Amino acid sequence: MKHTDEKQQYPSLYLGVCSLNEEPRLPLHSSIALFLLSYCECKSFKVFLVSAKPGSTQSLRSQLPESLNVSDIQQEDVPQLVKGCRLPAVLDETGRLCRAGLAVVLRHIINKTLEADSSRNDVLALLGFKKTCLKACAEVSKWTRLCEIGIPSAVEEHLQNPTNQYQQLPLSILTLEQRLAEPVKVHNDDKIRRQKLQEQRQNEKNESPERQRDVNAQSKTGRSSQVCDGLELRAALAKLSVASVPALTTRENSEIRKVKTTDLPPLEHVFAEGLYFTLTDVVLLPCIYQYLCSLQAHSASTLHRLPHLLRWYSRVQEVPGVIWAAKACGMVLSVLQVPTSRLPGPLAEDNPTSLKEQEEIQEMTTQLPFVGGPRPTMTKLKENGIEAVFAPHPCPAWTLPWDSLPGAINPTEGKMSNIRAVRKRQQLNNLVAMVTELARPGYTVVDFCSGTGHVGIALAHTLPDCQIILIENKEESLVRAQSRSAELGLKNIGFIQANLDYFTGPFHIGVALHACGVATDMVMEHCIQAGAAFVISPCCYGFIQNAVKFTFPKSKKFQETLTYKEHMILCRFADQTAVQLPPERRLIGKQCMGLVDLDRSWAAETHGYLVRVMTMEPESCSPKNNMLVGRPPQKSGLEVSPSQLEAPVHN
C-alpha cells in the first residue's frame, strides 16, 4: 500500500519501524499504540508505518490488528511537521496540528474513541482519577518518565542483548516492582479497606486454627493474596462496568465501622497505579510481555525475583478485552505461565528498598528548605567580582502597529482584563522586536511553551516569509491557538502538542515568553543543541531546581562561588518583584533575577554564544521583565542595529 496525497478523511497516526539483526520490528512505542487501538477498537485513524526501506514491513502484518487501516510510508515522504518530531505522532485532518510523544498520542487515541462512542466507560476509565493518567510530562513527573521512557528503553536495551543482561535486572524494572509492592492509596479508600477487614474476619471464621494464625499474621501487613484477588480485583473490575462481576458490599457491620482508620488493612496493588486498570497498564503490558518472554527463554529463574510484577501480569489478563486485543497485535499473553502464589520475594541485592532511599535522598537535595536572606549570597558574589549587569535595550520604543492589526492578534480581544492585555501587548513588542531583528526570509522560528499563541501568531503575521511553529503540551491552549490562526488565515504556521524533548526538527530561532522555572533552561538547551538563536523571558525563578539534564549553578564561575543551596536562595528571592512589595525588596528581587540569568548566560557562552540580559520596556510590563537574547557562534559578530528595528515588517 502506498501513501497518497488524497484529502485526509481521518487524522494520520505515524508509527516507527526499527530493525533487529537486519529484520524489521516494531519498537515498543509503536506496539503500545497499536495495542491501545486494538483494545479501544478505535478506527478513527489512518495508520502509517514509517520505515527506511520500501516494502520492509510485510513481515510485521501479524502484529497489526486487521481492523486498522494501515499503510507503509518511507521516511522521506513523511509530512514536514511530523518529521520534526519523535514518533509516535498524529497529524490532524488540517495537516497543521501534530501531536507527538507516547503519552500525548495515547491520550488522544482515547479521546477520539470517546468522541466516536461516548458509552465506552471502559475506555474512559483508562484516563484514571480526574482524567490525569500520564498527563504530567516526563520532565516533571517521575512516574510518567518511568512508564513513558524508563521501562520501554530498558526493555529495548535488554532485547538487543538479552543473554548479557539477564543476571542484573534493569533499575526501572526494579523500581516498578517496588511500586507494585507498596500499599495503595486511592480516593475514598476507607470504605474499601473496611470491606477488606470484614472479609478477612469472615475468612478467619471459616479457617482451621492453624490456618487462622497465618491469616492473622497476613492481615497485620495486608499481605493476603486470597483477599486481594477477591475484594480488590472485584473492585477493579467493577470500575470497568463488567456486568458479570458482583458489586462490592455497600454496608459494614457496626463492629467494623468502629475500627480506627489507622488500624485498617492496607490495599494491595491490583494494577500499576493501584486498584484500577488505566492507561499506565496499557503502556506497560507490551513492554513487560516482551521482557518476561525474553527472561523465560534465557533465564527462567530470574522471573522469581519479580513476584509482584508477575501477579500484575496475571491480573491484567483478567480485564475483559485485554487478551483479545493483545492477540490481535501478535501477543499471546498465556504463552508465559508462571505460578504467582507463594513466590519468593526479590533477592537481597535486588530489594528495591534502596531505590526508594536513593529517591528520597535525591528529593532532599533538590528541595532544600528555605534558609536566610539573599544579602550574604549577593555579597559573596560581589566579592568575587560577580554582579548583575543589564545590557541596554536596543529599541525601547519599538511597537507593533496594534491599531491596524487584525483583532485575533490583539490580546485585548481575549478574556483577559484591559490592564493585563495592555501589559501583554508591551511584552509582545519586546519579543517580536528581538526576533524580527534576528530573522531572515526562510527561517524557522519556534515558539516554545506557546500557550494560546500570543507570541507565535504575532510572529506569523509579522514575518510572512518565515515558518512559525508553536509547541505546547496543553491541548486546550494549542487548539485555541489553532482556532485563532485559522481565523486570520495564516499559512506559515504549524502547531505541535508535545513535551519539548519530542521536538527534534531544525530551526533558526527559539522564543519563549515567561517560560516557567527550568522550562527556560530546557528551551535554551534545545536552542543550543540546534545552533539556533534564542529570545527568552524567564519566569517563576522559585521553581528552579536540579533536573535530569542539568544542575545549578550552571556556569563554572558561579559553581566555584556558590553552593546549590545558595543558588536556590537567589532563585527564591528572584520571585520577590511583585508591584505590591516595598521598592527596596523589589530591587533586591530584580538583582537576584539578573544574577540567576547571568549564570544562565555564562553557561550558554561556553558554547560560543553571545548573550545579553536586558530588561523589557517599559519595566512595568511585567514583574518578570528580564529578557535573554542569544546569538549562536556563526552570528556572534552581528551587532544589534537599532536602525534595523525602527519599523516592523508586516503584511
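Here are legends for a few close-up views of this predicted model.

**View 1. A twelve-stranded open sheet.** Let's start with the sheet: twelve strands line up in the order β5-β4-β1-β6-β7-β10-β9-β8-β11-β12-β14-β13, and their pairing is mixed. At the edges sit β5 (69–74) and β13 (610–615), each with a pairing partner on one side only. On average, neighbouring strands of the sheet are turned by 20 degrees against each other, ignoring direction. As a reminder, strands of a sheet pair through backbone hydrogen bonds, either parallel or antiparallel.

**View 2. Where β7 meets β10.** Zoom in on β7 (residues 97–100) and β10 (residues 493–497), and you'll find a parallel pair with three bridges. Look for L97, which stands opposite F495 in β10.

**View 3. Two helices on the sheet.** Helix α1 (residues 28–40) lies across β1 (12–16) and β4 (46–51), and runs at about 140 degrees to β1. Helix α20 (residues 519–530) packs on the sheet too, touching β8 (444–448), β11 (509–516), β12 (533–539) and β14 (626–631). The direction of α20 makes about 175 degrees with that of β12.

**View 4. Inside the largest nonpolar core.** This core has 76 residues, and I288 and W312 have the most contacts inside it. Helix α12 (residues 279–298) supplies the largest share, eleven residues. Which residues does I288 touch, not counting those up to four places away in sequence? They are I151, I173, L176, L309, W312 and Y313.

**View 5. Another core, set apart.** Apart from the largest core lies another one, made of 60 residues. Try finding L81, V82, M378 and V446, which are among them. In soluble globular proteins, nonpolar side chains tend to be buried together.

Terms used
Residues numbered from 1 in each chain as written. Predicted model: local features only at pLDDT ≥ 70, side-chain atom pairs only at ≥ 80, totals over all residues. Heavy atoms only, no water. Pairing = 2+ DSSP bridges. Helix = DSSP H or I, 4+ residues; strand = E, 2+ residues; numbered from the N terminus. Axes fitted to C-alpha atoms, helices over the stretch in contact; angles between N-to-C directions. Contact = heavy atoms within 4.5 Å. Core = buried A, V, L, I, M, F, W, Y, C linked by side-chain atoms within 4.5 Å. Buried < 20%, exposed > 50% of the residue type's maximum accessible area, 1.4 Å probe, protein only.
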